[in-house]
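Got the viewer open? Let's take a walk through this one together, stop by stop.

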Amino acid sequence: KKRASYGGIVIAGHAREETAFSAAVQDQLGLKPHIWRDGNTITLTVHSATWAKFFAATIGTGRAKHLPDFVWDASLEFQAAVLEGLVDGDGYVAENNGCLRVKYTTISPSLAYGAAQIAANLGCYPAMSYNEKRRNYDLSWYPNRDKPFDYQTEGYVATRIRKMSKMQYTGRVYNLEVESDNSYVVGRTIVHNCIATLEAQA
């Protein structure tokens with residue numbers, strides 16, 4: 001059986017982040033990174049099997065990256081800091097028609113839904129889409145709720161519908177049922193069993 005190889009940690013970013021990234025790595029990990037520059041892009045490499053193994057076990061790698069479980073038991077202030085770190089690494093904040101808009105991109109479905117959940121915990125409900133060509137998830141939201149993607153009322157959140165379409169289908173249709181409640185969550189959206197609706201209309 002082939003053993004996993006933990007050789008180091010690679011951090012990529014914009015050239016303007018070189019000083020901050022390098023200082024953070026040295027302060028937090030106690031190691032001096034090797035820096036490779038290519039135009040406006042920098043790549044920091046830290047050779048440490050110990051740290052690499054720790055991060056792989058804690059947050060995973062590649063598309064399998066995820067938020068560690070302790071994040072969900074932490075305070076909202078801590079979760080806000082985690083979300084800020086995710087955006088700092090793979091996103092940006094820009095002004096859009098006078099309003100601040102946050103955008104975050106990741107190839108990991110778990111990180112995408114995790115970031116969306118943290119944002120929701122903080123009172124923001126991001127729009128999320130999947131780019132099939134690039135195979136990544138894009139999230140965007142307005143942190144100050146100047147131009148929200150949703151409408152909140154009486155403890156519920158209504159999200160904008162981008163479009164509605166019909167499609168022809170021939171074949172077996174399955175009707176899912178959840179005991180007692182008859183509702184479940186699909187794509188961060190609460191949906192209801194259709195039989196219960198038909199019975200209510202009868």
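## First stop: a trio of rings

Select Phe 54 to begin: with a relative accessibility of 42%, this residue counts as partly exposed. Keep in mind as you look around that this is a predicted model.

Now add Trp 51 and Phe 55 to the selection. Ring pairs tie Trp 51, Phe 54 and Phe 55 together into a cluster. Across the structure there are 5 aromatic pairs. Take Trp 51 with Phe 55: the ring centres are 5.7 Å apart and the planes make 25°, so this pair is stacked. The cut-off behind that word is an angle under 30 degrees between the planes.

Where do Trp 51 and Phe 55 lie? Both are in helix α2, residues 49-59, and they sit 4 residues apart, about one turn of the helix. Turn next to Phe 54 and Phe 55: here the centres are 5.3 Å apart and the planes stand at 65°, so the pair is edge-to-face. Are the other two rings buried, exposed or partly exposed? Trp 51 has a relative accessible area of 28%, which makes it partly exposed, and Phe 55 is partly exposed at 28% as well.

## Step back: the whole chain

Zoom out and colour by secondary structure. You should find 6 helices and 11 strands in the chain. Of its 202 residues, 25% are buried. Switch on a surface and you are looking at about 14900 Å² of exposed area, with carbon and sulfur atoms supplying 52% of it. As for contacts between residues at least 6 apart in sequence, 50% of them join residues at least 24 apart.

## Second stop: an open sheet

Select β4, β5, β6 and β7. These 4 strands make an open sheet, and if you read across it the order is β4-β5-β7-β6, with antiparallel pairing. Which strands are at the edges? They are β4 (91-96) and β6 (127-131), each of which pairs on one side only. Look along the sheet to see the twist, which averages 20° from one strand to the next.

Let's cross the sheet from the β4 side. β4 and β5 run antiparallel and are joined by 6 bridges. Click on Asn 96 and look across to β5: the bridge partner there is Cys 99. The two strands form a hairpin with 2 residues between them, and in that turn Asn 97 has a positive phi of about 55°.

The next pairing is β5 with β7, antiparallel over 5 bridges. Select Thr 106 and you will find Tyr 137 of β7 opposite.

Last comes β6 with β7 (residues 136-141), also an antiparallel pairing, over 5 bridges. What stands opposite Ala 127 in β7? That is Ser 140. While you are here, show helix α5, residues 109-121: this helix packs on the sheet and touches β5 (99-106), β6 and β7. The direction of α5 makes about 10° with that of β7.

## Third stop: a salt bridge

How many salt bridges does a search of the whole structure find? The count is 1. To see it, select Arg 37 and Glu 18, whose side chains meet at 2.6 Å, N to O. This pair links distant parts of the chain: Arg 37 belongs to strand β2 (residues 34-38) and Glu 18 to helix α1 (residues 18-29), with 19 residues from one to the other.

Try the surface view again here. Arg 37 counts as exposed, with a relative accessibility of 52%, whereas Glu 18 is buried at 19%. The cut-offs at work are over 50% for exposed and under 20% for buried.

## Last stop: Thr 43

Finally, select Thr 43, which you will find in strand β3, residues 41-46. Is Thr 43 buried or exposed? Its relative accessible area is 18%, so Thr 43 is buried. Now show what surrounds it. Leaving out neighbours within four places in sequence, Thr 43 is in contact with these residues:

- Val 10, Ile 11 and Ala 12
- His 34, Ile 35 and Trp 36

Methods
Residues numbered from 1 in each chain as written. Predicted model: local features only at pLDDT ≥ 70, side-chain atom pairs only at ≥ 80, totals over all residues. Heavy atoms only, no water. Phe/Tyr/Trp six-rings, centres within 6.5 Å; stacked < 30°, edge-to-face > 60°. Buried < 20%, exposed > 50% of the residue type's maximum accessible area, 1.4 Å probe, protein only. Contact = heavy atoms within 4.5 Å. Areas by Shrake-Rupley, 256 points an atom, 1.4 Å probe, with all protein chains shown as cover. Pairing = 2+ DSSP bridges. Axes fitted to C-alpha atoms, helices over the stretch in contact; angles between N-to-C directions. Salt bridge = Lys/Arg side-chain N within 4 Å of Asp/Glu carboxyl O.
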